[in-house]
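Work through the exercises below with the model open. Each task is followed by a solution in steps.

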Amino acid sequence: MTITINKNACKGVSACPEGGLCIEICAMNAMSNVNGELEIIDEECTDCGLCVLNCPNEALSK
């Protein structure tokens with residue numbers, strides 16, 4: 001996995017202006033909401049970058 005979460009920019013799913021859009025658009029179900037925090041499931045992530053392109057806070061990067 002090379003997708004990383006900038007915790008300073010990502011304040012959690014409930015604070016996301018798009019309501020956790022990255023979780024919804026991930027075709028591999030590699031992102032989840034764990035107690036309000038975004039988590040990436042490394043073994044499921046294919047590094048497609050769709051979440052990076054759509055994050056409203058620019059909190060995700062490759």
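## Exercise 1: A charged pair

In this predicted model, the side chains of Lys 7 and Glu 37 form a salt bridge, with 3.9 Å from N to O. Place both partners in the chain and state how exposed each one is.

Solution.

1. Check the distance. The cut-off for a salt bridge is 4 Å between the side-chain nitrogen and the carboxyl oxygen, and the Lys 7–Glu 37 pair has 3.9 Å.
2. Locate the residues. Lys 7 lies in the loop between β1 (4-5) and α1 (21-25), while Glu 37 belongs to strand β3 (residues 37-40). The two are 30 residues apart, and the pair links distant parts of the chain.
3. Read the exposure. Lys 7 has a relative accessible area of 46% and is partly exposed. Glu 37, at 36%, is partly exposed as well.
4. Count. The structure holds one salt bridge.

## Exercise 2: Cysteines and disulfides

Determine how many disulfides the structure holds, and explain why Cys 22 is not bonded to Cys 55.

Solution.

1. Set the criterion. Two cysteine sulfur atoms must be within 2.5 Å to count as a disulfide.
2. Test Cys 22. Its closest cysteine sulfur is that of Cys 55, and because the two sulfurs are 6.3 Å apart, they are too far for a bond.
3. Test Cys 51. The nearest cysteine sulfur belongs to Cys 48, at 6.2 Å, and Cys 51 is in no disulfide.
4. Give the total, which is zero disulfides.
5. Add the surroundings. Cys 22 is buried at 13% relative accessible area, and Cys 51 is buried at 10%.

## Exercise 3: The chain as a whole

Describe the secondary structure of the chain, then decide whether its radius of gyration fits the globule rule.

Solution.

1. List the elements. The chain has two helices and four strands, arranged along the sequence as β-α-β-β-α-β.
2. Compare the radii. The radius of gyration is 10 Å, close to the 11 Å given by the globule rule for 62 residues, so the chain is as compact as a globular protein of that length.
3. Take the dimensions. The C-alpha trace spans about 25 × 20 × 15 Å along its principal axes.
4. Look at the contacts. Among contacts with a separation of 6 or more, 56% join residues 24 or more positions apart.
5. Turn to burial and surface. Of the 62 residues, 27% count as buried. The chain exposes about 3,900 Å², of which carbon and sulfur atoms supply 48%.

Conventions: Residues are numbered from 1 along each chain as its sequence is written. This is a predicted model: local features need pLDDT of at least 70, side-chain atom pairs count only at pLDDT 80 or more; totals for chains, interfaces and linings use all residues. Side-chain values use heavy atoms; hydrogens and water are left out. Buried means under 20% relative accessible area, exposed over 50%, partly exposed in between (1.4 Å probe, protein chains only). The radius of gyration is taken over C-alpha atoms; the globule rule is 2.2 Å times the number of residues to the power 0.38. Contact means heavy atoms within 4.5 Å. Accessible areas come from the Shrake-Rupley method with a 1.4 Å probe; for residues, only the protein chains shown count as cover.
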